[in-house]
Amino acid sequence: MEFLQQLVNGLSLGALYALIAVGYTVVYGIVQLINFAHGEIFMIGGFGALAVWLLVPGESLSIWMLPIMLIGGMLAAVGVALLTERVAYRPLRNAPRLAPLITAIGVSIFLQEFVRLFFGRIPGFPDSKRAIPFPQIEYVTGEAFNIGGVTIQRAALFTLVALAICAGFLYVFVNKTRLGRAMQATSQDPDTARLMGINVDKIIMVAFALGAALAAVAGLAHGLRYTNIDFKMGFLAGLKAFTAAVLGGIGNINGAVVGGLVLGVVESMATFIPGQFGGSAWKDVWAFVLLILVLVFRPQGLLGARVVDRA
Amino acid sequence: MLEVKNLQVAYGRVRAVKGISFTVEQGQVVTLVGTNGAGKTTTLKTISGLLRPEAGEIWFEGKRIDSTPAHEVVTRGLAHSPEGRRIFPRLTVEDNLRLGAFARKDKAGVAKDLQRVFNLFEILQARRDQPAGTFSGGEQQMLAIGRAMMSRPKLLMLDEPSMGLSPLMMQRIMSTITELKSEGVTILLVEQNAQAALSLADYGYVLEVGKIVLQDSGKNLLVDEAVRKAYLGED
C-alpha cells in the first residue's frame, strides 16, 4: 500500500516535471539550445495565473476561475518566452553554442529578479519577495480522495489529467498537422526545411510558444498543489525538468513525458531506501544519481535522442 | 528564365565562387560540371537563398532574388534538391513528399502531383508509409527528386543526383532526368559525373576553383579535348 501511495505521489510529481520538460525538449530539438530560462517561464506561468485572479474582482474561488487563470498564465508565459527568443536568442542564432547558453542563464536570473522586484509594485498585488499564497480553487483543491487506502490530492490528480490532455494534444499537433510536420522536418534538417518553403524563424517561435504554454499549465498546477508560488520556484523545478528531458532523450517529446514520470517516481521511491541515505531529504540526490547513471550507460536517453541527423 | 551575373560567394575569408555568370532558358537542361571544390554546390545554395552572395546578382523570371529568404524562393517556382539528398529520415515517404509542397495551397493539385511522382517512381508508392531513412541511396535520391517536383517548380535544381549510386541506379536517375526534360521541365543540373551530365544537357558550363573556364553546348563539350582530358578520364 505504501508502495502504491508513493507511486501515485511520484507520478503526479513527475507529471509536473513532464509538462515543463516538453519545453526544454522541443526547443532543443529545433535550435539545439538548452533554454535554462525555461524554469522561469514555468514560474511566470504561475504568476500570470495569479495576476489574472487578483485582477478579477471578488476573490472568487469558483471553478470557473480556473480556465481564466490558465489563459492568463499561458499569455504571460508565451509572451515572455517569445520576447526572450526575439531579444536574447535570435541575435545569437549563428554564434558559438556557449554564447546562447550563457545568455539563457542570464535571462533566467533576469526573469527571477524582475518578478521579485516588480510584481509586488503593481497596486493591489502582494509582496513578491517572499512566497505568495495561491488561490485554492474549489474542486481542484481541498479534501483529498481516498481510493482503497491510497490518498490522492485533488491538485495532484489535476496535474495528471492536465498532462494527459496536453500529451494528447501534442501528439496530434506534431504528427497530424501541417505545422507539426514542418516542425519535425526543421528539427531533422533546418536548411532543407527552408528549401521546402518552411519559415524556420516561425517554427522556432512555435516551439518556444508550445513549451511555454505547457509550462504555464505546470505553473498553475504547482500553485494549486503547493498552495503558494514564489519567484525562485522555477530554478529547481527547471533543473529537474531538464533532467527529465535528458533522461528521456533530449529532443524527443515522448521521451520528455516518460522521463518526467520516471524521475518523479524515482524521487518518491527514495523514501524506501533504508538507513541514512533514504527518506525525502535524499530524493534530489537519487534523482541526479539516476541522471548520471543514464548519461553513463545510455547517453541518448531512455527513448533515444531525436536530434538532427543525416542519413 | 534564370540569370546569374558576376556571382561571388565566400565562406568567411575563403571565396568559393569568384564571379561567375550564366543563364538558363525555359525548357533547357543546363549543367554545371567540375571537380570537387569548383563551387558548384555553393552556386546552387546561393541561388536558392541558403547562402548570400558577396557580390553579383541573381534574376529569376525578371525579378531579382539574391536577397529573398530561402523559404520564399521556393514559392517563386525554384526547387532545389540538395547535395547528399537530405531527405527527412524519420518522416515517411509521403510526409517527405507533402513537405515538398509545403508552400502550396491547392490541395487538388498537390494530390495530382503526388500521383505523378508515384507514377514516376513506383517504389515510392509501394513504400509510402515507411520512414525515408530506411531507404537505399538510390531510393532516397528518387525521393529527393520527387520531393523537389512536389512544389511544381518552373526550374528544378539538382545537386549531384548520381552521387554514391550504383551504375544501374545512376542510369535510372539519369533517364528520369531525361524524362522530366521531355515533359518540358527546366533543369539546372550540377554533376561531378561530367559524361552523364553533358550527354543529356542542352548547354554546359565547366567550373574550376570558382570560375567558369569553358562553356558550350553539351554535345560540343562532350567532344572537347580539354574537357575529355580533365573530366572524362582520358589522356
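**Notebook: helix 4 of chain A, the interface with chain B, and selected loops**

I began with helix 4 of chain A, residues 98-118, in this predicted model. I recorded 21 residues and a reach of 30 Å from the first C-alpha to the last, close to the 30 Å expected at 1.5 Å a residue.

I then asked which residues of helix 4 of chain A are buried. I listed Pro100(A), Ala104(A), Val107(A), Ser108(A), Leu111(A), Gln112(A) and Val115(A). They lie on the same side of helix 4 of chain A, because they cover an arc of only 125° around the axis. I looked up their packing partners next: these buried residues pack against helix 2 (38-55), helix 3 (65-89) and helix 9 (233-248) of chain A. On the face turned away from the buried side of helix 4 of chain A, I noted the exposed residues Leu98(A), Ile102(A), Ile109(A) and Phe110(A).

**Interface of chain B and chain A**

I looked up the contacts and found 21 residues of chain B touching 21 residues of chain A. For the area buried between chain B and chain A, I entered about 2300 Å², with 59% given by carbon and sulfur atoms. In chain B, I noted that Arg86(B), Arg90(B) and Phe102(B) lose the most area to chain A, together 32% of what that side buries.

I next asked how many salt bridges there are between chain B and chain A. The count is two. I inspected the one in which the side chains of Arg86(B) and Asp189(A) meet, at 2.6 Å from N to O. Arg86(B) is thus entered twice in my notes, for this salt bridge and among the residues of chain B that lose the most area to chain A. For polar contacts across the interface, I recorded five residue pairs, both residues at pLDDT 80 or more.

I also looked up which helices of chain B supply the side that touches chain A. Helix 2 (70-73), helix 3 (93-100) and helix 6 (137-149) of chain B each supply at least two residues. Helix 3 of chain B gives the most to that side, with three residues.

**Helix 6 of chain B**

I followed helix 6 of chain B further and recorded 13 residues, with a reach of 18 Å from the first C-alpha to the last, close to the 18 Å expected at 1.5 Å a residue. I noted that helix 6 of chain B is mostly covered, with 12 of its 13 residues buried. Among the buried residues I listed Glu139(B), Met142(B), Leu143(B), Ile145(B), Arg147(B) and Met149(B).

**Loops**

I checked backbone angles in the loops with a general expectation in mind: most residues other than glycine have a negative phi. Gln32(A), which is not a glycine, has a positive phi of about 55°. I placed Gln32(A) in the loop between helix 1 (2-31) and helix 2 of chain A. Glu160(B), also a residue other than glycine, has a positive phi near 50°. I located Glu160(B) in the loop between strand 7 (155-159) and helix 7 (167-182) of chain B.

Is Glu160(B) buried or exposed? I entered Glu160(B) as buried, because its relative accessible area is 4%.

Finally, I turned to Arg90(A), in the loop between helix 3 and helix 4 of chain A. I entered Arg90(A) as buried, because its relative accessibility is 19% and the cut-off is under 20%. Leaving out residues up to four places away in sequence, I found Arg90(A) touching Glu85(A), Asp201(A) and Met205(A).

Notes:
Residues numbered from 1 in each chain as written. Chains lettered and ligands numbered in written order. Predicted model: local features only at pLDDT ≥ 70, side-chain atom pairs only at ≥ 80, totals over all residues. Heavy atoms only, no water. Helix = DSSP H or I, 4+ residues; strand = E, 2+ residues; numbered from the N terminus. Expected span 1.5 Å × (residues − 1). Buried < 20%, exposed > 50% of the residue type's maximum accessible area, 1.4 Å probe, protein only. Arc of directions from axis to C-beta. Contact = heavy atoms within 4.5 Å. Buried area = accessible area lost by both parts, 1.4 Å probe. Salt bridge = Lys/Arg side-chain N within 4 Å of Asp/Glu carboxyl O. Polar contact = N/O pair within 3.5 Å; in protein donor to acceptor, adjacent residues only side chain to side chain.
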